[in-house]
Amino acid sequence: MPPRKKVKAAAAVVEDEKAATAPSGSENGAVTMEEDPRPTSPRTRARNQTAEAPLAAAGGGADAAEGPAEAKRRNARRKYGAAGATAAEADAALGATASGLPPKPATGVAAAAAAASGGGRGRGRRSGSGGGSADSDSVMDAVVKVFCMHVEPNFSLPWQRKRQSSSNSSGFLLPNRRILTNAHCVDHYTQVKVKRRGSDVKFMATVLSVGTECDIALLTVEDDKFWEGVEPVEFGTLPQLQDAVTVVGYPIGGDTMSVTSGVVSRIEVTSYMHGSSELLGIQIDAAINSGNSGGPAFNDDGQCVGIAFQSLKHEDAENIGYIIPTPVIHHFLTDYERHGRYTGFPCLGVEWQKLENPDLRAVLKMQPEQKGVLIRRVEPTSACAAVLRQNDVLMSFDGVAVANDGTVPFRSGERISFSYLVSNKYTDEEAELVVLQDGVQRTLRVGLGAPVRLVPFHTRGLPPSYFIVAGLVFTAVTVPYLRSEYGKEYDFDAPVKLLEKMMHGMAQHKEEQVVVLSQVLAAEVNLGYEEICNTQVVSLNGSRITNLAELVARVDACDQPYIVLDLEYNQKVVLGTAKARAATSEILAMHCIAADRSPDLVAAAGVSGGAAGAAEGAAAAAAVVEGEAKEEAKAEAVASTGAAAGKAAGGKGSRGGRR
């Protein structure tokens with residue numbers, strides 16, 4: 001690339017024009033190509049100008065009268081502008097901050113002072129009139145580095161935990177002494193610390209709430225020194241396509257802040273990998289690497305328009321990153337303010353099918369002008385189960401018409417999945433549905449709630465439940481458990497029966513679980529059963545098993561000579577009741593296991609009766625979750641006075657800061 005031509009001062013340009021029109025050997029002493037046929041480079045000409053500057057000053061030339069400000073602008077035109085760059089362009093170049101963030105426009109007194117002096121943003125900063133540099137620096141100062149120590153559960157050996165690990169990620173400051181970051185950045189945390197830009201001190205942080213589905217976590221710091229001189233981040237509106245975004249954070253490759261820029265390339269309902277949910281997401285082409293997670297994405301006005309949280313790593317994809325948009329962030333914050341804890345994003349509780357085929361619409365008695373989607377199944381645990389039926393046609397949601405492909409209008413010239421409308425609601429709200437039932441159009445109002453999964457996608461930071469009797473290890477199936485047993489490709493390698501329940505199974509009630517015989521710790525009492533693993537328990541002594549707490553209660557209350565377990569695939573396990581109970585303690589000691597059941601199942605011990613055991617076990621599990629919710633609420637109450645306390649449970653994930 002040829003070097004750019006250096007621009008001279010105005011007086012020097014006039015002298016050059018005179019030299020170009022003067023004949024050879026004129027008074028100005030200009031050297032022509034005939035006198036010196038060798039071309040000179042821009043660097044050589046610059047050296048010549050430097051050498052001639054003292055002579056010009058002695059002769060009263062224009063450069064001698066040039067002040068420091070003019071010299072600075074002239075150098076800026078040489079550095080940032082091409083030949084013929086104007087003073088305004090040089091000032092704009094000088095106004096660019098080292099951070100890469102666009103400065104905010106000066107407002108109020110600062111703007112009036114800058115306008116009165118006739119200076120631009122660059123002049124305003126140099127003259128101390130309060131221009132964009134200070135604003136840009138304050139935006140950068142609001143970005144913090146998050147240090148977290150994690151101890152993840154071992155889902156394959158549920159009585160143990162894995163080795164302690166650490167991660168670095170990013171976050172940013174909000175009003176009311178709050179910090180936002182990603183949920184997976186504080187996943188299974190034991191200690192969280194934060195550090196501000198330019199500081200060498202790490203402050204202990206308290207986790208107030210974790211939104212696993214939306215991958216957002218809310219923190220606070222009790223130490224007042226951390227909040228000195230803080231200017232929190234302001235949120236902007238949802239950006240448009242091709243709008244510029246700047247991602248700020250602390251990714252791998254260094255300890256200092258990093259800034260990457262790009263544009264908004266797509267806005268649609270996106271899969272959130274950490275929470276296995278479908279929410280609104282923004283795709284950008286700015287680089288997002290491990291450690292960027294939790295960092296803000298700014299627009300041209302210095303406002304936050306999203307949180308960096310994941311990127312697409314694929315051989316056919318390049319520079320595809322995702323940020324959590326402001327509507328999802330506001331939903332999380334509002335939910336926390338309303339309930340004192342995170343309650344989740346609601347779902348309609350139905351499976352639907354497109355109605356683009358005209359014959360299918362005719363069979364459903366739809367008129368040509370009518371549009372909607374076919375309801376294939378309704379979750380028994382959802383509020384919709386009382387009013388919606390299979391083969392109903394959902395035509396609108398809260399007054400917004402649903403198209404045959406399941407989309408609704410979204411801003412100008414765009415369409416988006418109607419699940420976006422559902423996710424904008426809260427778990428304690430209602431929605432108005434227009435449905436077509438047997439050709440008759442009806443308007444219904446239904447309540448919305450958080451989804452209930454037969455095989456949960458995450459455990460909300462809680463350790464796994466387990467129960468051991470005679471060396472037989474029982475646990476409930478979750479996606480983290482399948483991932484622990486079968487690796488990242490668990491959706492291909494896990495048993496078909498379990499995958500079918502994970503992908504298509506529906507819980508009949510909120511406490512239902514898929515209980516499996518995870519493994520058998522070999523001993524004389526369980527001779528012949530050693531190779532059984534990850535097989536669902538169907539019934540015990542002829543009574544169907546619906547959750548792990550019920551299994552524990554029935555084993556403890558068993559007064560029959562044998563414990564008879566019926567498993568999937570028609571397998572059967574029979575244990576002598578007395579021998580099984582006597583051998584359990586010896587097997588636990590052999591494998592260094594402290595207890596035969598997880599703490600959440602201890603309350604179920606000693607309960608007699610199958611139904612009573614199931615109820616007590618479910619109550620114990622609910623008490624754990626309720627106690628966690630109360631702890632989060634307590635943390636919120638203390639944080640509102642500036643001294644937050646208590647820790648809420650974190651979320652499960654493996655991306656972003658530890659990707």
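**Close-up views of a predicted model**

**View 1. The β26–β27 hairpin.** In the hairpin formed by β26 and β27, four residues lie between the strands, and Y569 has a positive phi near 65 degrees. Helices (H or I, at least four residues) and strands (E, at least two) are DSSP runs, numbered from the N terminus. The two strands pair in the antiparallel sense over five bridges; strands count as paired if DSSP finds at least two bridges between them. Across this pairing, I563 stands opposite L575 in β27. The model is predicted: local features need pLDDT of at least 70, side-chain atom pairs count only at pLDDT 80 or more, and totals for chains, interfaces and linings use all residues. Residues are numbered from 1 along each chain as its sequence is written, and side-chain values use heavy atoms, with hydrogens and water left out.

**View 2. Helix α15 and its cover.** Helix α15 (residues 577-590) contains 14 residues and spans 20 Å from its first C-alpha to its last, close to the 20 Å expected at 1.5 Å a residue. The expected span is 1.5 Å times one less than the number of residues. A bend of about 30 degrees falls at T584; the bend is the angle between axes fitted to the seven residues ending at a residue and the seven starting there. T577, A580, A583, T584, I587 and L588 are the buried residues of α15, where buried means under 20% relative accessible area, exposed over 50% and partly exposed in between (1.4 Å probe, protein chains only). These buried residues pack against β21 (466-469), β26 (562-567) and β27 (572-576), a contact being heavy atoms within 4.5 Å.

**View 3. C592 after helix α15.** C592 sits in the loop between α15 and α16 (610-639). C592 follows just after α15 and has a positive phi of about 55 degrees, although it is not a glycine. C592 counts as exposed because its relative accessibility is 69%.

**View 4. The β7–β12 barrel.** Six strands form a closed barrel in the order β7-β8-β9-β12-β11-β10, with antiparallel pairing. Neighbouring strands of this sheet are turned against each other by 50 degrees on average, direction ignored. Helix α8 (residues 326-339) packs on the sheet and touches β8, β9, β11 (304-311) and β12 (321-325); the helix direction makes about 45 degrees with that of β12. Axes are lines fitted to C-alpha atoms, for helices over the stretch in contact, and angles run from 0 to 180 degrees between N-to-C directions. Within the barrel, β8 (residues 258-272) and β9 (residues 277-284) run antiparallel and are joined by eight bridges. S271 stands opposite E278 in β9.

**View 5. The β1–β6 barrel and helix α8.** A closed barrel of six strands runs β1-β2-β3-β6-β5-β4, with antiparallel pairing. From one strand to the next, the twist averages 40 degrees. Eight bridges link β1 (residues 143-150) to β2 (residues 165-174), and the two run antiparallel. C148 faces S167 in β2 as its opposite residue. Helix α8 lies across β2, β3 (178-181), β5 (203-211) and β6 (216-221), at about 60 degrees to β6.

**View 6. A450 and its contacts.** A450 is located in the loop between β20 (440-447) and β21. With a relative accessible area of 36%, A450 is partly exposed. Not counting residues up to four places away in sequence, A450 touches T343, F345, P346, C347 and T427. A distance of 8.8 Å separates the C-alpha atoms of A450 and L348, which are 102 residues apart along the chain.

**View 7. Helix α11.** V479, P480, Y481 and L482 are the buried residues of helix α11 (residues 479-486). Their cover includes β22 (472-476), α12 (490-493), α13 (496-504) and β23 (515-520). G487, just after α11, takes a positive phi of about 80 degrees.

**View 8. The loop at K365.** K365 belongs to the loop between α9 (358-363) and β14 (373-378). Its phi is positive, about 65 degrees, although K365 is not a glycine. K365 counts as exposed, at 52% relative accessibility.

**View 9. The whole chain.** The protein chain has 16 helices and 27 strands. Of its 659 residues, 47% count as buried. Among contacts between residues at least 6 apart in sequence, 64% join residues at least 24 apart. The accessible surface of the chain is about 31,600 Å², with 51% belonging to carbon and sulfur atoms. Accessible areas come from the Shrake-Rupley method with a 1.4 Å probe; for residues, only the protein chains shown count as cover.
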